[in-house]
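Let's take a walk through a protein together, one stop after another. Have a look at the sequence and the 3D structure first, and then read on.

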Amino acid sequence: MKKIDVRSLTDNFFETIGREWMLVTAGTKDDFNMMTASWGCIGWLWNKPVAVIFVRPERFTHEFIERGDTLTLSFLGHGKEAREAYNLCGSRSGRDCDKATASGLRPVVTEAGNVTFGQARLTLECRKLYKDALRPECVIDPGLTQWYGDKKGGWHDVYVLEIVNALVGDE
């Protein structure tokens with residue numbers, strides 16, 4: 001993987017996150033988990049390049065995010081293999097299976113010690129800056145509550161992450 005300047009990214013992140021999706025991965029080379037996410041933001045805050053992600057506390061990956069200071073956002077690209085990996089990582093729990101093996105993803109450890117995947121066309125290495133929880137009493141548009149409750153799950157935790165490195169894949 002080759003390091004590039006974050007400011008040189010040309011992705012349309014409306015498409016990249018919303019349609020391509022991403023893998024949120026946290027942990028160590030020996031103990032990590034990843035989940036598929038299609039909600040998030042990339043931008044500029046506190047004079048830093050940042051990503052904002054939303055993770056429900058009941059997700060297994062949440063435990064790994066809470067344990068460490070860093071995580072990765074990996075973008076596998078389009079195509080059948082990428083979509084199958086995203087679908088598996090978004091529908092199965094790492095509590096019950098080894099998602100890397102089941103999906104065919106090849107874990108790669110970055111120079112900074114974070115886990116990404118050999119198939120990633122783009123990886124953002126991130127450092128946690130801020131965390132809060134979405135709360136029902138703060139919702140202004142009541143239509144947003146459709147995403148919560150019953151079988152949908154609890155309210156998300158929101159993480160603001162500094163993007164410390166951007167890496168592009170060799171494949």
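Which residue's side chain is joined to that of asparagine 114 by a polar contact of 2.8 Å? The partner is glutamate 125. Before we go further, keep in mind that this is a predicted model.

Asparagine 114 is a good place to begin. You will find asparagine 114 in the loop between strand S7 (107-109) and strand S8 (115-117). Is asparagine 114 buried or exposed? With a relative accessibility of 6%, asparagine 114 counts as buried, because buried means under 20%. Besides the contact with glutamate 125, the side chain of asparagine 114 makes a polar contact of 2.6 Å with the side chain of threonine 70. If we leave out residues up to four places away in sequence, asparagine 114 touches Thr70, Leu71, Thr72, Val108, Val109 and Glu125.

One of those neighbours, Leu71, takes us to the next stop, the nonpolar core. In soluble globular proteins, nonpolar side chains tend to be buried together. Here the largest nonpolar core has 39 residues, and the ones that touch the most other members are Ile53, Leu71, Leu73, Phe75 and Leu124. The element that gives the most to this core is H3, with five residues. To get a feel for the surroundings, try leucine 124: apart from its neighbours within four places in sequence, leucine 124 is in contact with Leu9, Ile42, Leu71, Thr72, Leu73, Phe75, Ile163, Asn165 and Ala166.

Phe75 also brings us to the aromatic rings. How many aromatic pairs does a search of the whole structure find? The search finds seven. In one of them, the rings of phenylalanine 13 and phenylalanine 75 have centres 6.0 Å apart and planes at 65°, so this pair is edge-to-face. The two residues come from distant parts of the chain: phenylalanine 13 sits in helix H1 (residues 13-20) and phenylalanine 75 in strand S6 (residues 70-75), 62 residues apart. Both phenylalanine 13 and phenylalanine 75 are buried. Another edge-to-face pair is made by phenylalanine 60 and phenylalanine 64, whose ring centres are 4.9 Å apart with planes at 85°. These two lie in helix H2, four residues apart, which is about one turn of the helix. Phenylalanine 60 and phenylalanine 64 are buried too.

Now let's turn to charges. Side chains of opposite charge can pair when their charged atoms come close. The structure holds 13 salt bridges. Staying in helix H2 (residues 60-67), we meet glutamate 63 and arginine 67, four residues apart, about one turn of the helix. Their side chains form a salt bridge, at 3.8 Å from N to O. Glutamate 63 is partly exposed, with a relative accessible area of 33%, while arginine 67 is exposed, at 54%. These two belong to a network of salt bridges that links Asp31, Glu63, Arg67 and Arg95.

Helix H3 (residues 80-91) offers another example, with lysine 80 and glutamate 84 separated by about one helical turn. The closest N and O atoms of their salt bridge are 3.6 Å apart. Lysine 80 counts as exposed, at 64% relative accessibility, and glutamate 84 as partly exposed, at 43%.

What about a salt bridge between distant parts of the chain? Lysine 48 pairs with glutamate 162, with the closest N and O atoms 3.9 Å apart. Lysine 48 is in strand S5 (residues 48-55) and glutamate 162 in strand S10 (residues 157-168), 114 residues apart. Lysine 48 is partly exposed, at 26% relative accessible area, whereas glutamate 162 is buried, at 14%.

Our last stop is the cysteines. Why does the structure hold zero disulfides? For a disulfide, two cysteine sulfur atoms must lie within 2.5 Å. The sulfur of cysteine 41 is 13 Å from the closest cysteine sulfur, that of cysteine 126, which is too far for a bond. Likewise, the closest cysteine sulfur to that of cysteine 97 belongs to cysteine 89, at 8.1 Å, again too far for a bond. Cysteine 41 counts as partly exposed, with 39% relative accessibility, and cysteine 97 is buried, with a relative accessible area of 17%.

Definitions and conventions:
Residues numbered from 1 in each chain as written. Predicted model: local features only at pLDDT ≥ 70, side-chain atom pairs only at ≥ 80, totals over all residues. Heavy atoms only, no water. Salt bridge = Lys/Arg side-chain N within 4 Å of Asp/Glu carboxyl O. Buried < 20%, exposed > 50% of the residue type's maximum accessible area, 1.4 Å probe, protein only. Polar contact = N/O pair within 3.5 Å; in protein donor to acceptor, adjacent residues only side chain to side chain. Contact = heavy atoms within 4.5 Å. Core = buried A, V, L, I, M, F, W, Y, C linked by side-chain atoms within 4.5 Å. Phe/Tyr/Trp six-rings, centres within 6.5 Å; stacked < 30°, edge-to-face > 60°.
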